Amino acid sequence: MPGVTIKSQREIELMRDAGKLLRDVHLQLGEKIAPGISTLDLDRIGEELIRKTNSIPSFLGYEGYPASVCVSINNEVVHGIPKADRYIEEGDIVSLDIGLIHNGYQSDAARTHAVGRISKEAAALISVTEESFFEGIKFAKAGNHLHDISNAIGNYCIDRGYGVVYDLVGHGIGREMHEAPQIPNFPQKRRGILLCAGMTLAIEPMINIGTGDVDFQDDGWGCLTADGSLSAHYENTILITDGEPEILTL
């Protein structure tokens, strides 16, 4: 993987455009989640929404992934493959991970949604996962180090009794979906690289109610919590600046 890229002002504008479009796709697709809809239907709607913006679905065909939207339910951590016979049910929590390419630049974001009335435990998990992202990006500014973000996310969740997934991490983003650097969501002993204005990062806590251990499915994509507990995912593409970070997908 090449080194970390610093984006020019022109590139930043293009990434802002891609981020705004993805934000709108998430808002529209999230409204379609309801008991009885299949995960494949969500994928089809998501792809249609992306293409209406004159964008390309980042995930479709990426290393063989067969869909435009990763739809992960309950104990599925990430990369759930949409299926015609997999239906959303009342009380589920559903994570949508979506990426798009617009004018050559990528944006990537994930949200976990409650379907109807969910348990207090599930609601707390979704809240803590989202909150941990915002705890992390308090440190996402030029002059700090990459692992300041990792430590803040991990400690926030661990201190509240949650399991942090160690096998999957966030990443840099730009012309490619996955660029340097890798961004762990768990505490690190080393400080990591110095953050500089113009870096664009996809920060994505993946947090479980139980252990942070995961099992990968035979399809090569699906990732489940090892103990069957619920998992939540929250992600945004951000821009590092000299001051507060800019969230491009929010």
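In the predicted model, the buried residues of helix α4 are Leu146, His147, Asp148, Ile149, Ser150, Ala152, Ile153, Gly154, Tyr156 and Cys157. The helix spans residues 146-158, and since ten of its 13 residues are buried, α4 is largely enclosed by the rest of the structure. The distance from its first C-alpha to its last is 19 Å, close to the 18 Å expected at 1.5 Å a residue. The partners against which the buried residues of α4 pack comprise one helix, α3 (120-136), and the strands β6 (163-164), β8 (179-183), β9 (200-203) and β10 (206-208). Tyr156, one of the buried residues of α4, also takes part in a contact with a charged group: the charged end of Arg160 sits over the Tyr156 ring, 3.6 Å from the ring centre.

Cys157, likewise among the buried residues of α4, has a relative accessibility of 0% and therefore counts as buried. The closest cysteine sulfur to that of Cys157 belongs to Cys223 and is 16 Å away, which is too far for a bond. For Cys70, the closest cysteine sulfur is again in Cys223, at 11 Å, and this separation is also too far for a bond. Cys70 is buried, its relative accessible area being 4%. A disulfide is a covalent bond between the sulfur atoms of two cysteines. The structure holds zero disulfides.

Aromatic contacts were examined next. Five aromatic pairs are present in the structure. Phe133 and Tyr234 form an edge-to-face pair, with 5.3 Å from centre to centre and 70° between the planes. Because Phe133 lies in helix α3 and Tyr234 in the loop between β13 (231-233) and β14 (236-239), this pair ties together parts that are 101 residues apart in sequence. Both Phe133 and Tyr234 are buried. A second pair, formed by Tyr166 and Phe186, is stacked, at 4.0 Å centre to centre and 15° between the planes. Tyr166 is located in the loop between β6 and β7 (170-172), and Phe186 in the loop between β8 and β9, so the stacked pair ties together parts 20 residues apart in sequence. The two rings of this pair fall into separate accessibility classes: Tyr166, at 47% relative accessibility, counts as partly exposed, whereas Phe186, at 11%, counts as buried. Ring pairs further link Phe133 and Tyr234 with Phe134 into a cluster.

A search of the whole structure for salt bridges finds ten. Within helix α1 (residues 9-30), Glu13 and Arg16 lie three residues apart, about one turn of the helix, and they form a salt bridge whose closest N and O atoms are 2.4 Å apart. An α-helix has 3.6 residues a turn, so residues three or four places apart point the same way. Glu13 counts as partly exposed, at 35% relative accessibility. Arg16 forms a further salt bridge with Glu246, in which the closest N and O atoms are 2.6 Å apart. This pair links distant parts of the chain, with Arg16 in helix α1 and Glu246 in strand β15 (residues 246-247), 230 residues apart. Glu246 counts as partly exposed, at 26% relative accessibility.

In helix α2 (residues 39-52), Glu48 and Lys52 are separated by about one helical turn because they are four residues apart. Their side chains meet in a salt bridge with an N to O distance of 3.4 Å. Glu48 is partly exposed, with a relative accessible area of 48%, while Lys52 is exposed, with a relative accessible area of 61%. Elsewhere, salt bridges that share partners join Glu13, Arg16 and Glu246 into one network.

The surroundings of Val69, a residue of strand β2 (residues 69-73), were also characterised. Val69 counts as buried, at 0% relative accessibility. With neighbours within four places in sequence left aside, the residues in contact with Val69 are Leu29, Leu42, Asp43, Gly46, Gly80, Pro82, Leu96, Asp97 and Ile98. The C-alpha atoms of Val69 and Ala110 are separated by 9.9 Å, the two residues being 41 apart along the chain.

Note on methods. Residues numbered from 1 in each chain as written. Predicted model: local features only at pLDDT ≥ 70, side-chain atom pairs only at ≥ 80, totals over all residues. Heavy atoms only, no water. Helix = DSSP H or I, 4+ residues; strand = E, 2+ residues; numbered from the N terminus. Expected span 1.5 Å × (residues − 1). Buried < 20%, exposed > 50% of the residue type's maximum accessible area, 1.4 Å probe, protein only. Contact = heavy atoms within 4.5 Å. Phe/Tyr/Trp six-rings, centres within 6.5 Å; stacked < 30°, edge-to-face > 60°. Lys NZ or Arg CZ within 6 Å of the ring centre and 35° of its normal. Salt bridge = Lys/Arg side-chain N within 4 Å of Asp/Glu carboxyl O. Disulfide = S-S within 2.5 Å.
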